[in-house]
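Trainee: Please pick one part of this model and take me through it closely. After that, I'd like to see how it fits with the rest of the chain.

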Amino acid sequence: MGVPDQLAERMSMAEQHEYLRARFSRRTMIRGGAVTLGAVTGGAFVPGAVAQAATPTRTFASAATVDGSLVAPFGRHLAYGADARTEMTISWQVPVAVKKPFVRIGAHPWDLSRKIEAEVRTLYTPAGVGASGDHTQYYVHAKLSHLKPGRTYYYGVGHQGFDPAEAHLAGTLGTFTTAPAHKKPFTFTAFGDQGVSYHGLANDSLILGQNPAFHLHAGDIAYADPAGQGKSADTGFDSRVWDQFLAQTESVAKSVPWMVSYGNHDMEAWYSPNGYGGEEARFTLPDNGPDKKNLPGVYSFVHGNTAIISLDPNDVSFEIPANLGISGGTQTKWFEAQLKKFRASKDIDFIVVFFHHCAYCTSTAHASEGGVRQEWVPLFEKYTVDLVINGHNHQYERTDVIKGDKVVKKLPIGETAYPETEGVVYVTAGAAGRSLYAFTAPDSYEGHLNEQESVASFINTKDGKVNETVAWSRVRYLNYSFLRVDVEPAPRGHYARLKVSGIAETGDRIDHFTVARKAK
């Protein structure tokens, strides 16, 4: 069992972590043998800061290594570094401990002579923390730097006894492409709330067909914690669900940087005081955020003419306050500094912000988050953010152009928004695979319009739920879907465009609109 509910209701994530560690420490320390829970660094391409960012140091029983030729890596996933033009991290998993893991990389599949040692991060979960017995998970990372912009590389992951350069393992090779040095057209995709399911698989297969440069996952990644209240590793928690998720995602993420932000289901109390120790073992994200200790999922990167910013709304959430205020305000200060920097850059036209909790949504489940509206919406409007992408609510919903909580311009399907002079468009794309929620108003989407002048909803505030009637709900689709964004640069003084489409699991288009801004 985890933290009793009556205690968890009054505890922060850090307090729950301390409770669980105290409860299970005696049992685990009695067990024979020991291995450090954390990062084992091997090679100059993994800086010490990355190793230190892994899970806290504890001692637990160690599994003996096996013949490496009998162990195949799985769950490959990529992530950009802070400089998406020259940095990429290749991550993967092995089911048991292996010796000397590495990456081979080259410009051609027949030339993988460059061999880079990798870092292992072990993650131990004792029996009693959730639904499974004692188990250790092994995640491996190789951070690559000094790559060439806009270049496609071939790579293979291996370890002692398993070398992807050998002819019979050529089928295990993957590719990735770095961000370009200059403005050029590209596509990216986005969704939130996937988990492990047939619908998740279907969405992944469709996303791969869009040929995206990268993918944004707006929180609630694997759902190893099904409760999602930020309470504790309760009886439903099972960290092995992450293994299923990474295996499911590999078809896309082995070649497309899978850039995650963290949601309420991603707070897991056992591993670290902030709840993110498990994610830090599995992902290596850009390290340019304001507080890597407390907010590892906050960062930014630039691809072509577009800046992407990932935020952590658990820091400002009134609805699920387990991590409320964890940054002490540093996240919002950093966010404004990023917006100011990107708006001043002559190389950046668009700013896209993605995170989990919704600023504007009419779902009957979570609806809108008052903390986001209070902390960040004024900044979206001040710096004319071009697109905000959320998850949390398991459906597709798109707003009109909003400013000051009001519709400044209706945005019917197929129309264009001009954020420099109008306002901000918000998209909830939380129907990636988990069970669907509901609306109070009928669906209204491309080919099936049922427009409503007003929709009944609510907002989560520090004093609880407050009902509101809104006029900004323009498109609603209650089925599985994801977002596709086509970025079209333009010569200086002409309009660059984001062409945004909602794509259903069936492959049908359910929404499309354009965001236009004069290129610098």
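**A lysine, its partner and their surroundings**

Mentor: Let's begin with Lys409, which counts as partly exposed at 24% relative accessibility. Keep in mind as we go that this is a predicted model. What does the side chain of Lys409 meet in a salt bridge? The partner is Glu422, and the N to O distance is 3.2 Å. As for where the two sit, Lys409 belongs to strand β22 (residues 406-409), while Glu422 lies in the loop between β23 (416-417) and β24 (426-429), so the salt bridge ties together parts 13 residues apart in sequence. Is Glu422 buried or exposed? Its relative accessible area is 18%, and because the cut-off for buried is under 20%, Glu422 falls on the buried side. So this pair joins a partly exposed lysine to a buried glutamate.

By the rule used here, the count comes to 21 salt bridges, so it helps to set some others beside our pair. Arg85 and Asp83 meet through their side chains at 3.0 Å, N to O. Both are partly exposed: Arg85 has a relative accessible area of 37%, and Asp83 stands at 22%. Another salt bridge joins Glu336 to Lys382, with the closest N and O atoms 2.9 Å apart. That pair links distant parts of the chain, since Glu336 is in helix α7 (residues 330-344) and Lys382 is in helix α9 (residues 377-382), 46 residues apart. Here Glu336 is partly exposed at 26%, whereas Lys382 is exposed at 54%. There is also a network of salt bridges, which links Arg343, Asp386, Glu420 and Arg517.

Now back to β23, one of the strands that flank the loop of Glu422. Strand β23 is part of an open sheet of seven strands with mixed pairing, in the order β14-β13-β12-β28-β29-β30-β23. Why does β23 have one side without a neighbour in the sheet? Like β14 (258-261), β23 stands at an edge and has a single partner strand, so one side of each is left free of a sheet neighbour. Elsewhere in this sheet, strand β12 (residues 186-191) and strand β13 (residues 214-218) run parallel and are joined by four bridges. Across that pairing, Phe191 stands opposite His217 in β13.

Helices are worth a look too. Two packed helices are described by the angle between their axes and the distance between those axes. For helix α4 (residues 198-209) and helix α5 (residues 241-253), the axes come within 9 Å and cross at roughly 10°. Angles under 35 degrees count as roughly parallel, so α4 is roughly parallel to α5. On the α4 side, Gly200, Leu201, Asp204, Ile207 and Leu208 make the contact, and they meet Gln248, Thr249, Ser251 and Val252 in α5. By character, these contact residues divide into four nonpolar, four polar and one charged.

You can compare the seven-strand sheet with an open sheet of four strands, ordered β7-β6-β10-β11, where the pairing is antiparallel. Its edge strands are β7 (114-117) and β11 (174-177), each pairing on one side only. From one strand to the next, the twist averages 30°. Within this sheet, β10 (residues 152-158) pairs with β11 in the antiparallel sense over four bridges, and Tyr154 stands opposite Thr175 in β11.

A hairpin makes a good last stop. Strand β15 (residues 299-303) is mostly covered, with four of its five residues buried. It pairs in the antiparallel sense with strand β16 (residues 306-310) over five bridges, and His303 stands opposite Thr306 in β16. Two residues lie between the strands of this hairpin, where Gly304 takes a positive phi near 60°.

Finally, step back to the whole protein chain. The secondary structure comes to nine helices and 30 strands. Of the 520 residues, 59% count as buried, and Glu422 is one of the buried residues. Among contacts with a separation of 6 or more, residues 24 or more positions apart account for 73%.

Technical notes: Residues are numbered from 1 along each chain as its sequence is written. This is a predicted model: local features need pLDDT of at least 70, side-chain atom pairs count only at pLDDT 80 or more; totals for chains, interfaces and linings use all residues. Side-chain values use heavy atoms; hydrogens and water are left out. Two strands pair if DSSP finds at least two bridges between them. Axes are lines fitted to C-alpha atoms, for helices over the stretch in contact, and angles run from 0 to 180 degrees between N-to-C directions. A salt bridge is a side-chain nitrogen of Lys or Arg within 4 Å of a carboxyl oxygen of Asp or Glu. Buried means under 20% relative accessible area, exposed over 50%, partly exposed in between (1.4 Å probe, protein chains only). Angles under 35 degrees count as roughly parallel, over 145 as roughly antiparallel, 65 to 115 as roughly perpendicular and the rest as oblique. Contact means heavy atoms within 4.5 Å. Ala, Val, Leu, Ile, Met, Phe, Trp, Tyr, Cys and Pro count as nonpolar, Asp, Glu, Lys and Arg as charged, and the others, Gly among them, as polar.
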